[in-house]
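Here is a colleague's note on the model below. Please read the points with the coordinates open.

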Amino acid sequence: MANTLTLNEVRRGRKQFQGFFASDMWTVKATVADTDAIALNDTLTMTMAVPGVELGDMVIGVCASLDLSDGTDQAVLTAHVTAADVVSIYLQADKGEFAADALNNAVIKVLVARPAW
């Protein structure tokens, strides 16, 4: 299956920022495998199941263990809660094309929080 995201770890609990966010926060770690090529100005979308997240929860941060800007190609990495129990990861190539399998073995980390306001 192309564009596979293997969930390595999901932790739910009470973390920092009490008062700004409700008691629920999630730290998620996943590994990318078997990615298709991403053409210039195209977006690769991968989803992962994160039990407990809901629409309205905020992705506070997302990062990758791979250099997404090596001088010849560059990508923008974002993540959003797109449905109950689903977080979507988006990689948009905005300077050059990413070759097939160029993102393999990258570890994606996501921090999700539920606002208290």
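1. R114 sits in strand β7. This is a predicted model, so read every value here as computed from predicted coordinates. Is R114 buried or exposed? R114 has a relative accessible area of 15% and counts as buried, because the cut-off for buried is under 20%.

2. Look next at the polar partners of R114. Its side chain makes a polar contact with the side chain of D24, at 3.0 Å. A polar atom of the R114 side chain also lies 2.9 Å from the backbone oxygen of G52. So the R114 side chain has a side-chain partner in D24 and a backbone partner in G52.

3. G52 leads on to D85. Which backbone atom lies 2.7 Å from a polar atom of the D85 side chain? It is the nitrogen of G52. The backbone of G52 therefore has its oxygen by the side chain of R114, at 2.9 Å, and its nitrogen by the side chain of D85, at 2.7 Å, both within the 3.5 Å limit for a polar contact.

4. D85 itself belongs to the loop between β5 and β6. Its relative accessible area is 35%, which makes D85 partly exposed. Setting aside neighbours within four places in sequence, D85 is in contact with M48, A49, V50, P51, G52 and V53. P51 is 34 residues away from D85 along the chain, yet their C-alpha atoms are separated by 4.7 Å.

5. Now the sheet. Three strands form an open sheet in the order β3-β6-β5, with antiparallel pairing. β3 and β5 (75-83) are the edge strands, and each pairs on one side only. On average, neighbouring strands of this sheet are turned by 20 degrees against each other, direction ignored. In general, strands of a sheet pair through backbone hydrogen bonds, either parallel or antiparallel.

6. How many bridges join β3 and β6? There are seven, in the antiparallel sense. Two residue pairs help to fix the register. T45 stands opposite Y90 in β6. L44 stands opposite L91 in β6.

7. The two faces of β3 deserve a check. Which residues of β3 are on the covered face, and which on the uncovered one? L44, M46 and M48 make up the covered face. T43, T45, T47 and A49 make up the uncovered face. Of the paired residues above, L44 is on the covered face and T45 on the uncovered one. M48 and A49, from opposite faces of β3, are both among the contacts of D85.

8. The interior has one cavity of 30 Å³ or more. About 30 Å³ of space lies in the largest cavity. Its lining is V32, A64, L66, L68, L91, L103, A106 and I108. L91 thus appears twice in this note: as a lining residue of the largest cavity and as the residue opposite L44.

9. Finally, two backbone angles to inspect. D34 has a positive phi of about 55 degrees although it is not a glycine. D34 is in the loop between β2 (21-33) and β3 (43-49). It is partly exposed, at 33% relative accessible area. N105, also not a glycine, has a positive phi of about 70 degrees. N105 lies in the loop between β6 (86-93) and β7 (107-115). At 62% relative accessibility, N105 counts as exposed, because the cut-off for exposed is over 50%.

Note on methods:
Residues are numbered from 1 along each chain as its sequence is written. This is a predicted model: local features need pLDDT of at least 70, side-chain atom pairs count only at pLDDT 80 or more; totals for chains, interfaces and linings use all residues. Side-chain values use heavy atoms; hydrogens and water are left out. Helices (H or I, at least four residues) and strands (E, at least two) are DSSP runs, numbered from the N terminus. Buried means under 20% relative accessible area, exposed over 50%, partly exposed in between (1.4 Å probe, protein chains only). Two strands pair if DSSP finds at least two bridges between them. Axes are lines fitted to C-alpha atoms, for helices over the stretch in contact, and angles run from 0 to 180 degrees between N-to-C directions. Contact means heavy atoms within 4.5 Å. A polar contact is a pair of N or O atoms within 3.5 Å; within protein, one must be able to donate a hydrogen and the other to accept it, and residues adjacent in sequence count only if both atoms are side-chain atoms. On a 1 Å grid over the protein atoms alone, a cavity is a set of points where a 1.4 Å probe fits but cannot get out, and a pocket is an open set with protein on both sides within 12 Å along at least five of seven lines; lining residues have an atom within 4 Å of a point. Grid points are joined across faces, edges and corners, and a volume is the space filled by probe spheres set on the points.
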